[in-house]
Amino acid sequence: MALRGGVFLDRDGTIILEKGYLSDPQAIELIPGAARAIRLINRLGLPVVVVSNQSGVARGYFPVSSVEEINRQLSFMLKQERASLDGVYYCPHHPDDGCTCRKPEPGMLQVAAGELGIDLSRSYMAGDMASDIETIQRVGGQGILVLTGYGVEELETWQGDQPDFVAQDLLEASYWILLQEGRKRRKEMAIKKELLDILACPKCKGDIVLTKKKDGLICKSCNLVYPIKDDIPVMLIDEALPYKGKD
Ligand SMILES: [Mg+2]
Ligand SMILES: [Zn+2]
Ligand SMILES: [Zn+2]
(Lines give C-alpha, C1' and ligand atoms only; values in the text may rest on other atoms or scores of the structure.)
(Ligands and ions follow the chains in the order given, each with its own letter.)
Protein backbone atom coordinates (compact mmCIF):
# COMPACT_ATOMS: atom_id res chain seq x y z
CA MET A 1 0.00 0.00 0.00
CA ALA A 2 1.29 3.44 -0.89
CA LEU A 3 2.12 5.60 2.09
CA ARG A 4 -0.03 8.66 2.65
CA GLY A 5 1.15 12.25 2.86
CA GLY A 6 0.91 14.12 6.14
CA VAL A 7 0.55 17.68 7.33
CA PHE A 8 3.30 18.99 9.58
CA LEU A 9 2.58 22.08 11.62
CA ASP A 10 4.81 24.44 13.48
CA ARG A 11 3.40 25.26 16.93
CA ASP A 12 4.29 28.80 18.06
CA GLY A 13 3.04 31.51 15.71
CA THR A 14 1.20 28.94 13.59
CA ILE A 15 -1.31 27.11 15.83
CA ILE A 16 -0.95 29.27 18.93
CA LEU A 17 0.05 32.90 19.42
CA GLU A 18 3.80 33.47 19.39
CA LYS A 19 4.73 34.59 22.90
CA GLY A 20 8.53 34.11 22.87
CA TYR A 21 9.72 31.04 24.83
CA LEU A 22 6.26 30.13 26.08
CA SER A 23 6.47 28.13 29.31
CA ASP A 24 3.08 28.64 30.99
CA PRO A 25 0.27 26.32 29.80
CA GLN A 26 -2.28 28.85 31.02
CA ALA A 27 -0.90 31.38 28.52
CA ILE A 28 -1.66 29.27 25.42
CA GLU A 29 -3.98 31.04 23.00
CA LEU A 30 -5.17 29.37 19.83
CA ILE A 31 -4.92 31.50 16.70
CA PRO A 32 -8.44 32.10 15.33
CA GLY A 33 -9.37 29.41 12.80
CA ALA A 34 -6.48 27.10 13.75
CA ALA A 35 -8.65 24.42 15.37
CA ARG A 36 -11.02 24.50 12.41
CA ALA A 37 -8.06 24.09 10.04
CA ILE A 38 -6.86 21.01 11.92
CA ARG A 39 -10.40 19.60 11.97
CA LEU A 40 -10.54 19.97 8.18
CA ILE A 41 -7.18 18.20 7.75
CA ASN A 42 -8.42 15.43 10.07
CA ARG A 43 -11.46 15.11 7.81
CA LEU A 44 -9.24 14.87 4.73
CA GLY A 45 -7.71 11.78 6.35
CA LEU A 46 -4.19 13.22 6.55
CA PRO A 47 -2.19 12.80 9.76
CA VAL A 48 -1.50 16.09 11.55
CA VAL A 49 1.89 16.31 13.24
CA VAL A 50 3.27 19.20 15.28
CA VAL A 51 7.03 19.78 14.95
CA SER A 52 8.46 22.51 17.15
CA ASN A 53 11.91 23.93 17.97
CA GLN A 54 12.09 24.46 21.75
CA SER A 55 15.61 25.70 22.35
CA GLY A 56 14.33 27.35 25.55
CA VAL A 57 15.14 23.97 27.16
CA ALA A 58 18.83 24.05 26.17
CA ARG A 59 18.99 27.74 27.06
CA GLY A 60 17.81 26.87 30.58
CA TYR A 61 14.63 28.96 30.34
CA PHE A 62 12.31 26.03 31.13
CA PRO A 63 12.49 22.25 31.64
CA VAL A 64 11.39 19.58 29.16
CA SER A 65 8.43 18.91 31.47
CA SER A 66 6.99 22.35 30.75
CA VAL A 67 7.23 21.78 26.96
CA GLU A 68 5.35 18.52 27.45
CA GLU A 69 2.76 20.13 29.67
CA ILE A 70 2.12 22.82 27.05
CA ASN A 71 1.85 20.21 24.30
CA ARG A 72 -0.67 18.22 26.39
CA GLN A 73 -2.69 21.35 27.10
CA LEU A 74 -2.64 22.24 23.38
CA SER A 75 -3.93 18.78 22.43
CA PHE A 76 -6.65 19.12 25.07
CA MET A 77 -7.74 22.56 23.81
CA LEU A 78 -7.88 21.25 20.23
CA LYS A 79 -9.87 18.17 21.34
CA GLN A 80 -12.46 20.49 22.84
CA GLU A 81 -12.86 21.93 19.33
CA ARG A 82 -13.05 18.44 17.79
CA ALA A 83 -9.60 18.70 16.24
CA SER A 84 -6.91 16.13 16.91
CA LEU A 85 -3.16 15.78 16.56
CA ASP A 86 -1.61 12.49 15.43
CA GLY A 87 1.84 13.31 16.77
CA VAL A 88 3.78 16.02 18.57
CA TYR A 89 7.57 16.28 18.27
CA TYR A 90 9.97 18.90 19.55
CA CYS A 91 13.67 19.65 19.47
CA PRO A 92 15.00 20.72 22.91
CA HIS A 93 18.50 21.52 21.63
CA HIS A 94 20.46 24.73 21.22
CA PRO A 95 21.13 26.09 17.70
CA ASP A 96 24.88 25.52 18.35
CA ASP A 97 24.39 21.85 19.34
CA GLY A 98 24.44 20.68 15.71
CA CYS A 99 21.60 18.22 16.28
CA THR A 100 19.69 16.62 13.41
CA CYS A 101 16.25 17.57 14.72
CA ARG A 102 16.27 21.36 14.94
CA LYS A 103 14.43 22.81 11.94
CA PRO A 104 15.52 23.40 9.15
CA GLU A 105 17.06 19.94 9.71
CA PRO A 106 14.34 17.45 8.73
CA GLY A 107 15.06 14.97 11.59
CA MET A 108 11.71 15.35 13.34
CA LEU A 109 9.86 14.84 10.06
CA GLN A 110 11.86 11.73 9.29
CA VAL A 111 11.22 10.20 12.71
CA ALA A 112 7.49 11.00 12.47
CA ALA A 113 7.35 9.61 8.95
CA GLY A 114 8.79 6.30 10.18
CA GLU A 115 6.52 6.10 13.22
CA LEU A 116 3.30 7.13 11.50
CA GLY A 117 3.85 5.75 7.98
CA ILE A 118 4.03 9.07 6.13
CA ASP A 119 5.44 9.74 2.64
CA LEU A 120 7.31 13.04 3.10
CA SER A 121 7.37 13.78 -0.63
CA ARG A 122 3.55 13.94 -0.56
CA SER A 123 3.45 15.98 2.64
CA TYR A 124 2.91 19.60 3.56
CA MET A 125 4.27 21.81 6.27
CA ALA A 126 2.80 25.10 7.48
CA GLY A 127 4.85 27.46 9.60
CA ASP A 128 5.62 31.12 10.23
CA MET A 129 9.37 30.92 9.57
CA ALA A 130 11.63 30.36 6.60
CA SER A 131 13.16 27.40 8.46
CA ASP A 132 9.74 25.68 8.51
CA ILE A 133 9.48 25.95 4.74
CA GLU A 134 13.06 24.81 4.22
CA THR A 135 12.53 21.74 6.45
CA ILE A 136 9.78 20.28 4.28
CA GLN A 137 11.28 21.38 0.97
CA ARG A 138 14.48 19.51 1.85
CA VAL A 139 12.52 16.25 1.94
CA GLY A 140 10.51 17.00 -1.19
CA GLY A 141 7.22 18.19 0.34
CA GLN A 142 5.42 21.51 0.02
CA GLY A 143 5.82 24.43 2.40
CA ILE A 144 3.15 26.99 3.30
CA LEU A 145 4.22 30.21 4.99
CA VAL A 146 1.56 31.58 7.34
CA LEU A 147 1.51 35.33 7.96
CA THR A 148 0.76 34.94 11.68
CA GLY A 149 3.62 34.88 14.21
CA TYR A 150 6.85 36.01 12.51
CA GLY A 151 5.44 35.31 9.03
CA VAL A 152 5.24 38.91 7.77
CA GLU A 153 8.80 39.75 8.88
CA GLU A 154 10.10 36.50 7.46
CA LEU A 155 8.51 37.18 4.07
CA GLU A 156 10.04 40.69 3.95
CA THR A 157 13.56 39.32 4.41
CA TRP A 158 13.06 36.10 2.42
CA GLN A 159 16.07 34.41 0.84
CA GLY A 160 16.32 31.06 -0.85
CA ASP A 161 13.53 28.90 -2.22
CA GLN A 162 10.08 30.44 -2.17
CA PRO A 163 7.24 28.93 -0.15
CA ASP A 164 4.80 26.89 -2.26
CA PHE A 165 2.01 29.08 -0.91
CA VAL A 166 1.68 32.09 1.37
CA ALA A 167 -1.44 31.96 3.53
CA GLN A 168 -2.94 34.59 5.78
CA ASP A 169 -3.07 32.01 8.55
CA LEU A 170 -3.43 28.29 9.23
CA LEU A 171 -7.09 28.30 8.18
CA GLU A 172 -6.25 29.57 4.71
CA ALA A 173 -3.30 27.14 4.60
CA SER A 174 -5.71 24.26 5.23
CA TYR A 175 -7.88 25.44 2.33
CA TRP A 176 -4.87 25.41 0.02
CA ILE A 177 -4.17 21.83 1.13
CA LEU A 178 -7.84 20.99 0.47
CA LEU A 179 -7.40 22.30 -3.06
CA GLN A 180 -4.21 20.29 -3.73
CA GLU A 181 -5.74 17.11 -2.32
CA GLY A 182 -8.99 17.74 -4.17
CA ARG A 183 -7.13 17.88 -7.47
CA LYS A 184 -5.42 14.57 -6.66
CA ARG A 185 -8.47 12.61 -5.56
CA ARG A 186 -11.43 14.28 -7.10
CA LYS A 187 -14.12 11.66 -6.66
CA GLU A 188 -13.96 11.16 -2.93
CA MET A 189 -13.69 14.90 -2.38
CA ALA A 190 -16.82 16.00 -4.19
CA ILE A 191 -18.46 18.62 -2.10
CA LYS A 192 -20.64 17.18 0.61
CA LYS A 193 -22.72 18.76 3.32
CA GLU A 194 -20.32 17.29 5.85
CA LEU A 195 -17.45 19.23 4.32
CA LEU A 196 -19.48 22.42 3.99
CA ASP A 197 -20.17 22.34 7.70
CA ILE A 198 -16.44 22.58 8.47
CA LEU A 199 -15.70 25.46 6.10
CA ALA A 200 -15.74 29.09 7.20
CA CYS A 201 -14.77 32.33 5.47
CA PRO A 202 -10.95 32.48 5.47
CA LYS A 203 -11.08 36.26 5.83
CA CYS A 204 -13.50 36.82 8.73
CA LYS A 205 -13.88 33.19 9.93
CA GLY A 206 -17.67 33.67 9.71
CA ASP A 207 -20.36 31.43 8.24
CA ILE A 208 -20.68 30.81 4.54
CA VAL A 209 -23.66 29.64 2.51
CA LEU A 210 -23.90 27.80 -0.78
CA THR A 211 -25.06 29.78 -3.82
CA LYS A 212 -28.35 28.66 -5.39
CA LYS A 213 -26.46 27.29 -8.39
CA LYS A 214 -24.13 25.47 -5.97
CA ASP A 215 -21.16 27.01 -7.76
CA GLY A 216 -19.83 29.06 -4.89
CA LEU A 217 -19.82 29.78 -1.18
CA ILE A 218 -20.91 33.21 -0.04
CA CYS A 219 -19.67 35.18 2.95
CA LYS A 220 -22.28 37.87 3.49
CA SER A 221 -20.11 39.77 5.98
CA CYS A 222 -17.21 40.16 3.56
CA ASN A 223 -19.43 40.31 0.44
CA LEU A 224 -17.30 37.67 -1.20
CA VAL A 225 -18.04 34.49 -3.13
CA TYR A 226 -15.55 31.63 -3.01
CA PRO A 227 -15.90 29.68 -6.26
CA ILE A 228 -16.45 25.92 -6.40
CA LYS A 229 -14.44 24.54 -9.31
CA ASP A 230 -14.80 20.90 -10.36
CA ASP A 231 -16.62 20.26 -7.08
CA ILE A 232 -13.73 21.59 -5.03
CA PRO A 233 -14.27 24.76 -2.98
CA VAL A 234 -11.55 27.34 -3.62
CA MET A 235 -11.46 29.02 -0.23
CA LEU A 236 -8.56 31.37 -0.91
CA ILE A 237 -8.93 35.09 -0.25
CA ASP A 238 -7.19 36.15 -3.48
CA GLU A 239 -9.51 33.97 -5.58
CA ALA A 240 -12.75 35.21 -4.06
CA LEU A 241 -15.13 37.25 -6.23
CA PRO A 242 -17.27 40.19 -5.12
CA TYR A 243 -20.74 39.09 -4.01
CA LYS A 244 -23.44 41.00 -5.85
CA GLY A 245 -26.08 40.27 -3.25
CA LYS A 246 -28.48 38.46 -5.56
CA ASP A 247 -28.39 34.88 -4.38
MG1 LIG B 1 6.83 29.43 14.74
ZN1 LIG C 1 17.45 18.88 18.17
ZN1 LIG D 1 -16.03 36.71 5.57
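Is H93 buried, partly exposed or exposed? With a relative accessible area of 27%, H93 is partly exposed, since the buried class ends at 20% and the exposed class begins over 50%. This is a predicted model, so please read the values below as computed from a prediction.

**The metal sites**

H93 is a good place to start, as its ND1 atom is one of the protein donors of the zinc ion (ligand 2). The others are the SG atoms of C91, C99 and C101, and the donors lie 2.0 to 2.3 Å from the ion. C91 counts as buried, at 0% relative accessibility, whereas H93 is partly exposed. Along the chain these donors follow the spacing C-x1-H-x5-C-x1-C. The arrangement around the zinc ion (ligand 2) is tetrahedral because its 4 donor atoms subtend angles of 102 to 118 degrees.

The zinc ion (ligand 3) is held by sulfur atoms: C201, C204, C219 and C222 each give SG. The spacing here is C-x2-C-x14-C-x2-C. Angles of 103 to 113 degrees between the 4 donor atoms make the zinc ion (ligand 3) tetrahedral as well. For reference, the ideal angle for four tetrahedral donors is 109.5 degrees. Two of the cysteines can be placed by their accessibility: C201 is buried, with a relative accessible area of 0%, and C204 is partly exposed at 35%.

The magnesium ion (ligand 1) is coordinated by OD atoms of D10 and D128 and by the O atom of D12. D10 counts as buried at 6% relative accessibility, and so does D12 at 12%.

Here are the three sites side by side.

| Ion | Donor distances | Spacing along the chain |
|---|---|---|
| magnesium ion (ligand 1) | 2.1 to 2.2 Å | D-x1-D-x115-D |
| zinc ion (ligand 2) | 2.0 to 2.3 Å | C-x1-H-x5-C-x1-C |
| zinc ion (ligand 3) | 2.2 to 2.3 Å | C-x2-C-x14-C-x2-C |

**Aromatic pairs**

Turning to the rings, a search of the whole structure finds 3 aromatic pairs. One of them joins Y21 and Y61, edge-to-face, with 4.8 Å from centre to centre and 85 degrees between the planes. Y21 sits in the loop between β1 (7-9) and α1 (34-43), and Y61 in the loop between β2 (48-53) and α2 (64-80), so this pair ties together parts that are 40 residues apart in sequence. Y21 itself counts as partly exposed, at 42% relative accessibility.

F165 and W176 have ring centres 5.4 Å apart and planes at 5 degrees, so they are stacked. This pair links strand β6 (residues 165-167), home of F165, with helix α6 (residues 170-184), home of W176, across 11 residues. Both F165 and W176 are buried. Together with Y124, F165 and W176 form one aromatic cluster.

**Helix α6**

The helix that carries W176 deserves its own look. What is the length of α6 from its first C-alpha to its last? The 15 residues of α6 reach 21 Å, close to the 21 Å expected at 1.5 Å a residue. Of those 15 residues 13 are buried, so α6 is largely enclosed by the rest of the structure. At the start of α6, D169 brings a side-chain oxygen to within 3.2 Å of the backbone nitrogen of L171.

Conventions: Residues numbered from 1 in each chain as written. Chains lettered and ligands numbered in written order. Predicted model: local features only at pLDDT ≥ 70, side-chain atom pairs only at ≥ 80, totals over all residues. Heavy atoms only, no water. Phe/Tyr/Trp six-rings, centres within 6.5 Å; stacked < 30°, edge-to-face > 60°. Helix = DSSP H or I, 4+ residues; strand = E, 2+ residues; numbered from the N terminus. Buried < 20%, exposed > 50% of the residue type's maximum accessible area, 1.4 Å probe, protein only. Donors = N, O, S within 2.8 Å, 3.2 Å for Na, K, Ca; no water. Tetrahedral: all angles 85-135°; square planar, octahedral: opposite > 155°, others 65-115°. Expected span 1.5 Å × (residues − 1). Polar contact = N/O pair within 3.5 Å; in protein donor to acceptor, adjacent residues only side chain to side chain.
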